[in-house]
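The following exercises are to be worked with the sequence and the coordinates at hand. Each task is followed by a solution in steps.

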Amino acid sequence: MDQSNSGNLSKGDIISFVALLILGVTVFFGMNFMTLGNKIPSIVVAVLLFIVMMVFVFLAAHAKAQDRNQETWKKVEYAMLGLYVLALIPCYIYSAKFFEVQLGKQEITQIVNKDIEDINNMFADYTKKCESRTNNYQTELEALLKSDEGRKQIANLLELNKNADDVKQSDIEQASESFSDYLLKGRDISALKSEKKNLIENCESNFKNWNILFIPQYVTELGEAKEKYADRLEEIYSKKKSAIEKDAPEFDTSSYVNESNIQDKFSKSSGFSVLGLIAIIILGGLGLVKWLLGEKSTVIPMKEGAATTITEDGGFTF
């Protein structure tokens with residue numbers, strides 16, 4: 001009998017530990033989603049919940065088995081069970097978010113692909129407008145090249161150390177190439193394109209493989225990327241403007257910077273979740289196995305009875 005009890009207790013220890021460990025993992029991932037990849041507080045909260053819930057279960061099981069001061073230990077047992085149930089509330093909140101994101105994989109992937117498409121279209125439009133500006137710029141210079149006064153203006157505009165008569169078509173082509181290089185190959189735009197490329201590659205890789213540890217990080221970056229890139233592209237586009245440019249095409253990013261709800265999909269509370277509730281009931285219930293299978297006190301507490309009891313069922317009479 002002792003060996004059986006020992007075996008049951010050992011099974012209870014393992015089942016409770018594994019169940020609460022799994023629950024802690026779902027809490028971590030759920031909180032990591034809601035904090036958009038802030039892993040440190042997610043780890044801290046998950047570990048603390050796991051530890052305190054283990055303490056509640058094991059202390060409740062310990063109190064259940066006590067032979068002395070049973071009234072006091074019974075209060076401890078009920079208190080630990082009550083605290084255990086309260087600890088399940090934050091577990092439910094974060095676990096519900098974990099299951100919501102997991103079940104929403106297809107919708108989330110579609111939103112990510114749409115945001116990536118908007119960013120690519122924005123950069124493609126920028127390139128198209130810059131090429132149009134370069135062509136217009138070269139056309140204006142070529143028009144000036146046809147007159148002496150125009151060639152003087154070109155020499156002054158391009159800061160050429162030569163007479164007006166020496167200004168040639170090659171000077172215009174070189175100036176146009178330099179103008180195009182600034183808009184399409186300059187340090188600022190090259191750095192921005194490189195950053196965009198890395199972001200898109202990371203997003204495509206992590207969301208395609210559904211890397212749940214790192215996707216919240218890229219959700220944050222992707223959610224801020226469109227507005228950030230739009231501001232930087234407009235700044236670069238308007239930074240260099242020649243005095244002879246006429247009817248330069250306007251670069252408007254408003255059509256690409258539509259509001260993305262990708263961050264809301266992760267950061268907002270999930271509300272009521274049937275799957276989250278089922279998970280809490282199952283894992284929370286298994287976490288109590290240590291208490292359920294734990295030894296009970298073998299001492300029957302004495303109860304105060306009536307004085308007539310001593311004369312009943314075999315009591316002494318005179």
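**Exercise 1. Overall architecture**

In what order do the elements of the protein chain run from the N terminus on? Determine also how many helices and strands there are, and describe the burial and the contacts of the chain.

*Solution.* The model is a predicted one.
Step 1. Read from the N terminus, the order of elements is α-α-α-α-α-α-α-α-α-α-α.
Step 2. The count for the protein chain is 11 helices and zero strands.
Step 3. The chain has 318 residues, of which 39% count as buried.
Step 4. Among contacts with a separation of 6 or more, 79% join residues 24 or more positions apart.

**Exercise 2. The surroundings of T26**

Establish where T26 is placed, whether T26 is buried or exposed, and which residues T26 contacts.

*Solution.*
Step 1. T26 belongs to helix 1, which covers residues 2-34.
Step 2. The relative accessibility of T26 is 8%; the limit for burial is under 20%, so T26 counts as buried.
Step 3. A polar partner is found within the chain: the side chain of T26 reaches the backbone oxygen of L23 at 2.7 Å.
Step 4. Once neighbours within four places in sequence are set aside, the contacts of T26 are Y94, S95 and F98.

**Exercise 3. The cavity**

Find how many cavities of 30 Å³ or more the structure holds, and characterise the lining of the largest cavity.

*Solution.*
Step 1. One cavity of 30 Å³ or more is present, and the space in the largest cavity is about 30 Å³.
Step 2. The lining of this largest cavity is formed by L20, L23, G24, L49, F50, M53 and C91.
Step 3. At least two lining residues come from helix 1, and at least two from helix 2 (39-64).
Step 4. By type, the lining comprises six nonpolar residues, one polar residue and no charged residue.
Step 5. L23 thus appears twice in these exercises: as a lining residue of the largest cavity, and as the residue whose backbone oxygen is reached by the side chain of T26.

**Exercise 4. The nonpolar core**

Identify which residues touch the most other members of the largest nonpolar core, and list the contacts of F207.

*Solution.*
Step 1. The largest nonpolar core contains 78 residues; Y126 and F207 touch the most other members.
Step 2. Not counting residues up to four places away in sequence, F207 touches I108, V112, I215, Y218 and V219.
Step 3. As a general tendency, nonpolar side chains in soluble globular proteins are buried together.

**Exercise 5. Positive phi in two loops**

Compare L36 and W210 in backbone angle, location and burial.

*Solution.*
Step 1. Most residues other than glycine have a negative phi.
Step 2. L36, not a glycine, has a positive phi of about 55°, and W210, also not a glycine, has a positive phi of about 50°.
Step 3. L36 is located in the loop between helix 1 and helix 2. W210 is located in the loop between helix 7 (187-208) and helix 8 (215-239).
Step 4. L36 counts as partly exposed because its relative accessibility is 21%, whereas W210 is buried because its relative accessible area is 11%.

**Exercise 6. A pair distant in sequence**

Locate G285 and relate G285 to A19.

*Solution.*
Step 1. G285 is part of helix 10, residues 274-287.
Step 2. With a relative accessibility of 30%, G285 counts as partly exposed.
Step 3. G285 and A19 are separated by 266 residues in sequence, while their C-alpha atoms lie 8.5 Å apart in space.

Terms used: Residues are numbered from 1 along each chain as its sequence is written. This is a predicted model: local features need pLDDT of at least 70, side-chain atom pairs count only at pLDDT 80 or more; totals for chains, interfaces and linings use all residues. Side-chain values use heavy atoms; hydrogens and water are left out. Helices (H or I, at least four residues) and strands (E, at least two) are DSSP runs, numbered from the N terminus. Buried means under 20% relative accessible area, exposed over 50%, partly exposed in between (1.4 Å probe, protein chains only). A polar contact is a pair of N or O atoms within 3.5 Å; within protein, one must be able to donate a hydrogen and the other to accept it, and residues adjacent in sequence count only if both atoms are side-chain atoms. Contact means heavy atoms within 4.5 Å. On a 1 Å grid over the protein atoms alone, a cavity is a set of points where a 1.4 Å probe fits but cannot get out, and a pocket is an open set with protein on both sides within 12 Å along at least five of seven lines; lining residues have an atom within 4 Å of a point. Grid points are joined across faces, edges and corners, and a volume is the space filled by probe spheres set on the points. Ala, Val, Leu, Ile, Met, Phe, Trp, Tyr, Cys and Pro count as nonpolar, Asp, Glu, Lys and Arg as charged, and the others, Gly among them, as polar. A nonpolar core is a set of buried Ala, Val, Leu, Ile, Met, Phe, Trp, Tyr and Cys residues joined through side-chain atoms within 4.5 Å.
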